[in-house]
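Student: Could you show me how to read a structure one feature at a time, giving me the general idea before the particular case?

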Amino acid sequence: MQGKASPELVRAMGPFGGGLAGTGEVCGAVVGALAAIGLAYSRSAPGEKEDFQMWVLGNRFLKRFRNEAGKGSIYCRDITQTDWRDSEQKAKFYGSEKYFACRDLTANAARILGEMLEESGAAKK
C-alpha cells in the first residue's frame, strides 16, 4: 500500500468532502480511512472471504476517531456545527476557523489510521 500514487484514487475521494457530497453526513475522512483499511484487508476477488482484521480495524478506527478527532461523532454536521444544505452556513464555514479545524481533523484521521496500519503490519504490505 505504501508508495503507491494514484491520481484516479484521489479524484474518486473528491465527493467525500462536506460529509459525503456536501450533505453533512459521515465525515469524508472517516470514509477515506475505512476505504484505506479495505484496501489493506478486504478481499480481492468475489469468491474470497473478508479478512476479519478489516472489521476489527474498522471498528477500532471509528472509536478512536470519535474520541480523538470527531468530538464524539462521525457526522460532519455535528463536528463542524454546519448545516451543509444552507448556502449561508456553507459560505461561513469556508471563511472561518472551522475550515482550518476540518483540515486538522483530516490530518488527525490520517495519523490515527497510520498508527493503526503500522501496528497491524498492513503498512508493510
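**Helices side by side**

Tutor: Let us start with one pair of helices: α2 and α6 are roughly parallel to each other, a label given to angles under 35 degrees, whereas those over 145 count as roughly antiparallel, those from 65 to 115 as roughly perpendicular and the rest as oblique. Please keep in mind that this is a predicted model, in which local features need pLDDT of at least 70 and side-chain atom pairs count only at pLDDT 80 or more, while totals for chains, interfaces and linings use all residues. Residues are numbered from 1 along each chain as its sequence is written, and side-chain values use heavy atoms, with hydrogens and water left out.

Student: At what angle do α2 and α6 cross, and within what distance do their axes come?

Tutor: An axis here is a line fitted to C-alpha atoms, for helices over the stretch in contact, and the angle, from 0 to 180 degrees, is taken between N-to-C directions. For α2 and α6, the axes come within 9 Å and cross at roughly 20 degrees.

Student: Is the crossing of α2 and α6 left-handed or right-handed?

Tutor: A crossing is left-handed if the near helix is turned anticlockwise from the far one by less than a right angle, and right-handed if clockwise; that of α2 and α6 is right-handed.

Student: At what angle do α2 and α3 pack?

Tutor: The angle between α2 and α3 is about 160 degrees, and their axes are 10 Å apart, which makes α2 roughly antiparallel to α3. Here, too, α2 passes α3 in a right-handed crossing.

Student: How many helices and strands does the protein chain have?

Tutor: Both are DSSP runs numbered from the N terminus, helices being H or I over at least four residues and strands E over at least two. The protein chain has six helices and zero strands, and its C-alpha trace spans about 45 × 30 × 25 Å along the principal axes.

Student: Where in the protein chain is confidence lowest, and where is it highest?

Tutor: Confidence is given as pLDDT, the predictor's value for each residue on a scale from 0 to 100. It is lowest in helix α1 (residues 7–12), at a mean of 87, and highest in helix α3 (residues 52–68), at 97, while the mean for the protein chain is 91, with 94% of its residues reaching 70 or more.

Student: What share of the residues in the protein chain is buried?

Tutor: Buried means under 20% relative accessible area, exposed means over 50% and partly exposed lies in between, using a 1.4 Å probe and protein chains only. By that rule, buried residues make up 33% of the 125 residues in the protein chain.

Student: How many aromatic pairs does a search of the whole structure find?

Tutor: Rings of Phe, Tyr and Trp (its six-membered ring) pair if their centres lie within 6.5 Å, and planes under 30 degrees apart count as stacked, over 60 as edge-to-face and the rest as tilted. The search finds seven such pairs. In one of them, the rings of phenylalanine 93 and tyrosine 99 have centres 6.2 Å apart and planes at 80 degrees, so the pair is edge-to-face. The rings of tyrosine 94 and tyrosine 99 have centres 5.8 Å apart and planes at 50 degrees, so that pair is tilted. Ring pairs link Trp84, Phe93, Tyr94, Tyr99 and Phe100 into a cluster.

Student: Is phenylalanine 93 buried or exposed?

Tutor: Phenylalanine 93 is buried, at 3% relative accessibility, whereas tyrosine 99, at 28%, is partly exposed, and tyrosine 94 is partly exposed at 47%.

Student: How many disulfides does the structure hold?

Tutor: A disulfide is a covalent bond between the sulfur atoms of two cysteines, and here the test is a pair of cysteine sulfur atoms within 2.5 Å. The structure holds zero disulfides. The sulfur of cysteine 76 has its closest cysteine sulfur in cysteine 102, 6.1 Å away, which is too far for a bond. Cysteine 76 is buried, with a relative accessible area of 7%, while cysteine 102 is partly exposed at 28%.

Student: Which sign does phi have at leucine 20?

Tutor: Leucine 20 has a positive phi of about 70 degrees although it is not a glycine; leucine 20 sits in the loop between α1 and α2 (28–41). Glutamine 81, also not a glycine, has a positive phi of about 55 degrees and lies in the loop between α4 (76–80) and α5 (87–94). Leucine 20 is partly exposed, with a relative accessible area of 28%, and glutamine 81 is exposed at 58%.
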